[in-house]
Amino acid sequence: MKITEVEAIVLRQPDVDTSKADGSQDALLIRIRTDEGLTGIGEVDSLPPVVKAIVDAPASHAIASGLGALLVGENPLEIDRLWEKMYRGSIYYGRRGAAIHAMSGIDIALWDIKGKALGQPACRLLGGPHRERIRAYASTLMPETPAETAEVVAGLVGRGFTAIKLGWGPWGRDPDLDIELAAAARTAAGDDVELMFDIGLGWPDADHAIRQVRRLEPFRPYWVEEPLWPDDLAGYRKLADAVETRIACGEEEATRWGFADLMERTGVDVVQPDVTRAGGISECIRIAHLADLRGVSTVLHSWSTGIIKAASLHVLAAMPRATFFEYCVQETALNQALTVERFPLEDGMVRIPDGPGLGIEIDDEVVRRYAV
Ligand SMILES: [Mg+2]
């Protein structure tokens, strides 16, 4: 089997609100075609037109090439070798950031092809599944006021979620408002629902973060996520050493090298590689093993469409230890309708897809409607 085409398709809803930290308003779809008629699907949650350029660009020289040009004519089943080929072929402009994001979407599509070619779900080819279902946490943006927060949390509990994360929005705007929002969330959630607070880079430094995490402790956050800039590794170290509450970060980090460094230098409790940015399914499995060696939990970051959901579920199914699946509940069309599958909640859990490859189908009508 040979790869004949690597397509990068930008999808975008007509009315994007760019002031919100909501990446489910657009998407970058990867479609890899082969000479045997099999097609693989992947996605990248990054800046879509930049990723498209990285896929489509012609080769400049041996270590600065667009990724599609490196793959056409190759055997799509040799995923590790192709990962190395893309990494090496983009090393002058890549190594982290958008080039690794583009590689991630391609890696996901290659696992989809391999699963379809062998008639097996991707998680089985990765050595799993270790579980058939995984506990979901609802992931949504923090509302603006305590009253709205109570309403959103009560609604999610009513839908059957046993864990809820509230992120970005007003976090960090005012130290007292942070505490009022957390209190409203805990009152609405009751005692038995886990709450995660995603500060979305909202606190200025580690000392502020230490004070605020201590003030949040009465509301029992399961973790506090990303209070500081991703490059403030010394700040994360200071914070993680000072508080009992779990600290989570890593959604902007990429590759095994990036995560090994992050874990060594910060001592955080939870790392959050995104399968569409950190290097794909292949690299997230390697990162999860590195985390395991250090007693750090891996809870994949996953915001937006059914493709990211499916790819994340296969990685989580193939990890010996996995606690939660991040279930984005944004009501954007791309999040809700790009895949035919809707990933229904069963007892607060989501089932791992068991069809070949990623086990999902794209709704071509949605692709046509939102393609730019
Ligand atoms: Mg986050």
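In which hand does α7 pass α8? The crossing of α7 past α8 is right-handed, where right-handed means that the near helix is turned clockwise from the far one by less than a right angle, and left-handed means anticlockwise. The structure is a predicted model, in which local features need pLDDT of at least 70 and side-chain atom pairs count only at pLDDT 80 or more, while totals for chains, interfaces and linings use all residues. Residues are numbered from 1 along each chain as its sequence is written. Helices (H or I, at least four residues) and strands (E, at least two) are DSSP runs, numbered from the N terminus.

A good place to begin is helix α7 and its two partners. Two packed helices are described by the angle between their axes and the distance between the axes. Here the axes are lines fitted to C-alpha atoms, for helices over the stretch in contact, and angles run from 0 to 180 degrees between N-to-C directions. The axes of α7 and α8 come within 10 Å and cross at roughly 30°. That angle makes α7 roughly parallel to α8 (angles under 35 degrees count as roughly parallel, over 145 as roughly antiparallel, 65 to 115 as roughly perpendicular and the rest as oblique). Two residues are in contact if their C-beta atoms, placed from the backbone, lie within 7 Å. By that rule, Pro175, Asp178, Ile179 and Ala182 in α7 meet Gln212, Arg215 and Leu216 in α8.

The second partner is helix α6 (residues 146-158), which packs with α7 at an angle of about 30°, the axes being 8 Å apart. The crossing of α6 and α7 is right-handed. On the α6 side, the meeting residues are Pro146, Thr149, Ala150, Val153, Ala154 and Val157, and their counterparts in α7 include Leu181, Ala184, Ala185 and Ala188.

The length of α7 can be checked with simple arithmetic. The expected span of a helix is 1.5 Å times one less than its number of residues. For the 15 residues of α7 this gives 21 Å, and the end C-alpha atoms are 22 Å apart, which agrees. Just after α7, Gly190 takes a positive phi of about 75°. A residue is buried if 20 or more other C-beta atoms lie within 10 Å of its own, exposed if 12 or fewer, and partly exposed in between, with C-beta atoms placed from the backbone. Among the buried residues of α7 are Asp178, Leu181, Ala182 and Arg186. The cover over the buried residues of α7 includes α6, β5 (163-167), β6 and α8.

Helix α8 (residues 206-216) has its own buried set, namely Ala206, Ala209, Gln212, Val213 and Leu216. Seen down the axis of α8, these buried residues fall within an arc of 125°, so they line one face of the helix; the arc is that of the directions from the helix axis to the C-beta atoms. This buried set packs against α7 (175-189), β6 (194-198), β7 (221-225) and α9 (233-242).

Helix α4 (residues 97-118) offers another length check: its 22 residues should span 32 Å, and its end C-alpha atoms are 32 Å apart, which agrees. This helix is mostly covered, with 18 of its 22 residues buried. Gly119 follows α4, and its phi is positive, near 65°.

Several loops are also worth a look. A cis peptide bond joins Gly128 and Pro129, with omega about 0°, and Pro129 sits in the loop between α5 (122-125) and β4 (133-141). Ser304 is not a glycine, yet its phi is positive, about 90°. This serine lies in the loop between β10 (297-298) and α12 (306-318), and counts as buried because it has 23 C-beta neighbours inside 10 Å. Asp347, in the loop between β12 (345-346) and β13 (349-351), also has a positive phi, near 55°. With 8 other C-beta atoms within 10 Å, Asp347 is exposed.

Two further loop residues complete the picture. Ser46 lies between β3 (39-44) and α1 (48-56), and is buried, with 22 C-beta neighbours inside 10 Å. Leaving aside neighbours within four places in sequence, Ser46 is in contact with Leu28, Val51, Ala98, His101 and Arg277. Pro273, in the loop between β9 (270-271) and α11 (280-293), is buried with 33 other C-beta atoms within 10 Å. Pro273 and Ser302 are 29 residues apart in sequence and 8.6 Å apart in space, C-alpha to C-alpha.
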